[in-house]
Amino acid sequence: MSTLKADAITAVTTNGDLSISGNGSGGLNMASGASATPYNAGTKSSGTYTPDEANANFQYAVNGGAHTLAPPTNNCTIVVQYTNNGSAGTITVSGFTKVDGDTATTTDGHDFFYYITKLNGFSLLTVKALQ
């Protein structure tokens, strides 16, 4: 079990969200991993999808048509699992500092992990095919 020192707590909101910092005396030590519930971002078929880490750092979406993917606004890391449906279209990326990895297809049933990192004005997108 981990102990959280009082001076490591930076904010507690009215809805119970807790902000912690590794700057307290003794720092922040997690002795075990953490699980997360993924956010269903729905079907993307037009417009621009800008993932928001406030929804979750793990998200999933259906590629249901041509649309644009943009980096998040805040510093964060997000993984989006995209699943193509029968209407899947090209996902155009816009605003990323660097894009690398596999080439996404529009084949029905194909899945991809889109690893997104935004930090200090830079953004990186790495695409990994899961088939």
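In this predicted model, strand β6, which covers residues 67-69, runs parallel to β8 and is joined to it by 3 bridges. Within that pairing, Leu-69 has Val-93 of β8 as its bridge partner. Both strands belong to an open sheet of 3 strands, ordered β4-β6-β8 and paired in parallel, whose edges are formed by β4 (48-49) and β8 (91-93), each pairing on one side only.

Parallel pairing also links β3, β5 and β7, as the table sets out with one facing pair of residues for each strand pair.

| Strand pair | Sense | Bridges | Facing residues |
|---|---|---|---|
| β3 (residues 39-44) and β5 | parallel | 5 bridges | Gly-42 and Ala-61 |
| β5 and β7 | parallel | 6 bridges | Gln-59 and Val-80 |

Strand β5 (residues 58-63) has side chains that alternate between two faces: Gln-59, Ala-61 and Asn-63 point to one face and are buried, whereas Phe-58, Tyr-60 and Val-62 point to the other and are not buried.

The largest nonpolar core comprises 15 residues, and those with the most contacts inside it are Tyr-49, Leu-69, Val-80, Tyr-82, Tyr-114, Ile-116 and Leu-125. At least two residues of this core are supplied by each of β7 (76-84), β10 (111-119) and β11 (122-129), and the largest share, 4 residues, comes from β7.

Tyr-49, one of these core residues, lies in edge strand β4. When neighbours within four places in sequence are left aside, Tyr-49 is in contact with Ala-41, Lys-44, Gln-59, His-67, Thr-68, Leu-69, Ala-70, Val-80 and Tyr-82.

Conventions:
Residues numbered from 1 in each chain as written. Predicted model: local features only at pLDDT ≥ 70, side-chain atom pairs only at ≥ 80, totals over all residues. Heavy atoms only, no water. Pairing = 2+ DSSP bridges. Core = buried A, V, L, I, M, F, W, Y, C linked by side-chain atoms within 4.5 Å. Buried < 20%, exposed > 50% of the residue type's maximum accessible area, 1.4 Å probe, protein only. Contact = heavy atoms within 4.5 Å.
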